[in-house]
Amino acid sequence: MKWFSSDWHLGHSMTIEKSGRPFKDVEEMDNVILDNMFSQTKRGDDFYFIGDLSWDRERVEKVYSIAKQNKIRFHWVLGNHDKRWRKQFRNTIKVYNKMNTMSEMMDVKLTDTDGNHYPTVLCHYPMLTWDKSHYNSFLLFGHHHLTTHKADEIKKFEYSGKRINVCCEFHDFRPLSELDIINIMAARPDNWDLIKKE
């Protein structure tokens, strides 16, 4: 099974205040998020994290430790708050030897219970078009929080095609499974650039 989430901002107290998160402190926030995120995963699952994990090395190490203990493959698509890790990754700092993949953007395929495949692009930022969007492929993004400026406009943009904001604040601080994503997308309109068959 594949799982998706973004924007945990572990250890970042300002996120609690700025995004109106319902936690008394970073310890409570971190514990709730990590418990929720890994409580549903099973050995051999893939977890795709779509940006803004943490500025704190110990917290990054903790995420990988949990994933390793539970035999979960952890894939990290970098966000704007992951700049220091991007630079260190390029210098092959030790922590990244523990991860499965790290990238600026990623393509995956989601699979439903009937074996149908859904091409999906993972990027921290929302996009108007992306790989195979003209064939109704999916886009999973983050970056925008509950309290982001013009959040209603962003929500309208998200709902105008096969896009989902996987920021944890919009999903009760829990991950979305690939089946969740497929079911949500079934109710979304076609992408604006879909090539219609004559």
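**Group meeting: strands, a pocket and two outlying residues**

I start with His171, which lies in the loop between strand 8 (163-165) and strand 9 (176-177). Helices (H or I, at least four residues) and strands (E, at least two) are DSSP runs, numbered from the N terminus. Residues are numbered from 1 along each chain as its sequence is written, and side-chain values use heavy atoms, with hydrogens and water left out. This is a predicted model: local features need pLDDT of at least 70, side-chain atom pairs count only at pLDDT 80 or more, and totals for chains, interfaces and linings use all residues.

Back to His171. Its side chain reaches the backbone oxygen of Asn165 at 2.8 Å. Leaving out residues up to four places away in sequence, His171 touches Ile164, Asn165, Val166 and Leu176, where contact means heavy atoms within 4.5 Å.

Next, strand 1. Which residues of strand 1 lie on each side? Lys2 and Phe4 are on one side, Trp3 and Ser5 on the other, and all are buried, meaning under 20% relative accessible area (exposed is over 50%, partly exposed in between; 1.4 Å probe, protein chains only). Strand 1, residues 2-5, is thus covered on both faces.

Strand 1 has pairings with strands 2 and 9, and two strands pair if DSSP finds at least two bridges between them. With strand 2 (residues 46-50) it runs parallel, joined by four bridges. Lys2 has Asp46 as its bridge partner there, and Trp3 has Phe47. With strand 9 the sense is antiparallel, over two bridges, and Trp3 stands opposite Ser177.

Strand 2 is largely enclosed by the rest of the structure, because five of its five residues are buried. Asp46, Tyr48 and Ile50 point one way, and Phe47 and Phe49 the other. Strand 2 also pairs in parallel with strand 3 (residues 73-77), over five bridges, with Phe47 opposite Phe74.

Strand 5, residues 105-111, has one buried face. In a regular strand the side chains alternate between the two faces of the sheet. Here Met106, Val108 and Leu110 point to one face and are buried, while Met105, Asp107, Lys109 and Thr111 point to the other and are not. Seven bridges join strand 5 to the antiparallel strand 6 (residues 117-123); Val108 has Thr120 as its bridge partner. The two strands form a hairpin with five residues between them, and Gly115 in the turn has a positive phi of about 90°.

Now the largest pocket. How much space lies in it? About 220 Å³. A pocket is an open set of points on a 1 Å grid over the protein atoms alone, where a 1.4 Å probe fits, with protein on both sides within 12 Å along at least five of seven lines; lining residues have an atom within 4 Å of a point. The lining includes His9, His12, His81, His143 and His145, along with Asp52 and Lys18.

Last, Ile195, in the segment after helix 6 (178-186). Its contacts, not counting residues up to four places away in sequence, are His134 and Tyr135. The C-alpha atoms of Ile195 and Arg57, 138 residues apart along the chain, are separated by 45 Å.

Note on methods
Polar contact = N/O pair within 3.5 Å; in protein donor to acceptor, adjacent residues only side chain to side chain. Points joined across faces, edges and corners; volume = space filled by probe spheres on them.
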